[in-house]
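Hello,

Here is the structure I promised to pass on to you. Have a look at it first, and then read on for what I found in it.

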Amino acid sequence: MTTPQQPDPLARLSESLSADYSESREAQHDRVINELRQVIERVPEQSEFTNTRRYKVFGPLVTLASLGVLAWGMHAGDTGLIVSGAFLTLVFAVVTWQHRNAGQHSFMRLTRRQLFVDSLSSPVNLVDIVDIYVKDEGLLTLQKLTLHPDAVLPTHRPVRQFFGNQAMALNTPEPHIRIHSAGLMCGGKKLSCDDIGALLNAYWQSACAQQRLDALQHHG
């Protein structure tokens, strides 16, 4: 007659610890995924941007002022004032015409992965951005996005418009994207430089979180 073998208490403890570790690791994995999804979903899947209507208003005002200079020059017989007034009237009449549809056309778009601008040949991957700089330069708003040294730059085409929406991809002094526009609006709301910087940063964080989430899901 044989005696039943007694369970090994060390083996049972080892199995218990292994199960606890597995559950803890799975819980931590789920927590990280949930946190990444929260970062991703803090921004809309897509945001579109237009320029502001500053030159739609400013252009006609300066055109009228230039006409006043022209009229005064003709009245005074001052050739210099006549030439200056005529030149400024022509320039700001063109500016007024070129910006007649300001605020209606979306020239820039952000997704949770990429930045699209009309004058760039291809989108920019947001995870390639290492620095964000936004400045109001008076006549135009500047967005400068510095990229990783090994980032692939798109090409750009020139925009034939006074104070137009122009994006440039430049290699020096480091790879970067410069975007000039007559202000920036999103959803019909004019954005300050702080608003623009915060939005760009939020979309950059979303892209980085999406990249990490993809890696976690790929490796299980």
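In this predicted model, T146 stands opposite H176, a residue of strand 8. That pair belongs to a longer ladder: strand 6 (residues 141-147) and strand 8 run antiparallel and are paired over 6 bridges. Strand 8 also pairs with strand 7 (residues 166-170), again in the antiparallel sense, over 5 bridges. Along that pairing, M168 stands opposite R178, and A169 stands opposite I177. Strand 7 leads into strand 8 through a hairpin of 5 residues. As a general reminder, strands of a sheet pair through backbone hydrogen bonds, either parallel or antiparallel.

Is strand 8 enclosed by the rest of the structure, or left open? Of its 6 residues (176-181), 5 are buried, so strand 8 is largely enclosed by the rest of the structure.

Two residues of this strand are worth a visit.

H176 is found in strand 8. Its relative accessibility is 2%; because buried means under 20%, H176 counts as buried. Leaving aside residues up to four places away in sequence, H176 touches K144, L145, T146, L147, L153, M168, A169 and L170. The C-alpha atoms of H176 and L145 are separated by 5.4 Å, although the two residues are 31 apart along the chain. A polar atom of the H176 side chain also lies 2.7 Å from the backbone oxygen of E174.

S181 is found in strand 8 too. With a relative accessibility of 0%, S181 counts as buried. The side chain of S181 reaches the backbone oxygen of G183 at 2.7 Å. Residues up to four places away in sequence aside, S181 touches F107, L140, T141, G164 and N165.

Now for the other sheet I would like you to look at. In what order do the strands of the open sheet of 6 strands run? The order is 4-3-2-1-9-10, and the pairing is antiparallel. Strand 4 (124-125) and strand 10 (189-190) stand at the edges with a single partner strand each, so one side of each has no neighbour in the sheet. Within this sheet, strand 2 (residues 108-111) and strand 3 (residues 114-117) run antiparallel and are joined by 3 bridges. One of the facing pairs there is L110 opposite L115 in strand 3. Helix 4 (residues 193-218) packs on the sheet, where it touches strand 1 (46-50), strand 2 and strand 10. The direction of helix 4 makes about 40° with that of strand 2.

Next comes the interior. The largest nonpolar core has 26 residues, and those with the most contacts inside it are M108, L115, V117, I177 and I179. Which elements each supply at least two residues of this core? They are strand 2, strand 3, strand 5 (129-136), strand 6, strand 7, strand 8 and helix 4. Helix 4 gives the most, with 5 residues. In general terms, nonpolar side chains in soluble globular proteins tend to be buried together.

M108 is a good place to start when you explore this core. Not counting residues up to four places away in sequence, M108 touches S47, E48, F49, L115, F116, V117, Q143, I179, L184 and L200.

You may also wonder about the cysteines. How many disulfides are there? The count comes to 0 disulfides, taking a disulfide as a pair of cysteine sulfur atoms within 2.5 Å. C186 has a relative accessibility of 22% and therefore counts as partly exposed. C208 is partly exposed as well, with a relative accessible area of 26%.

Finally, here is the wider view. The protein has 4 helices and 10 strands. From the N terminus on, its elements run α-β-α-α-β-β-β-β-β-β-β-β-β-α. Of its 220 residues, 34% count as buried. Among contacts between residues at least 6 apart in sequence, 67% join residues at least 24 apart. The pair of H176 and L145, 31 residues apart along the chain, shows how such distant stretches come together, with their C-alpha atoms separated by 5.4 Å.

Enjoy exploring it!

Best wishes

Methods:
Residues are numbered from 1 along each chain as its sequence is written. This is a predicted model: local features need pLDDT of at least 70, side-chain atom pairs count only at pLDDT 80 or more; totals for chains, interfaces and linings use all residues. Side-chain values use heavy atoms; hydrogens and water are left out. Buried means under 20% relative accessible area, exposed over 50%, partly exposed in between (1.4 Å probe, protein chains only). Two strands pair if DSSP finds at least two bridges between them. Contact means heavy atoms within 4.5 Å. Axes are lines fitted to C-alpha atoms, for helices over the stretch in contact, and angles run from 0 to 180 degrees between N-to-C directions. A polar contact is a pair of N or O atoms within 3.5 Å; within protein, one must be able to donate a hydrogen and the other to accept it, and residues adjacent in sequence count only if both atoms are side-chain atoms. A nonpolar core is a set of buried Ala, Val, Leu, Ile, Met, Phe, Trp, Tyr and Cys residues joined through side-chain atoms within 4.5 Å.
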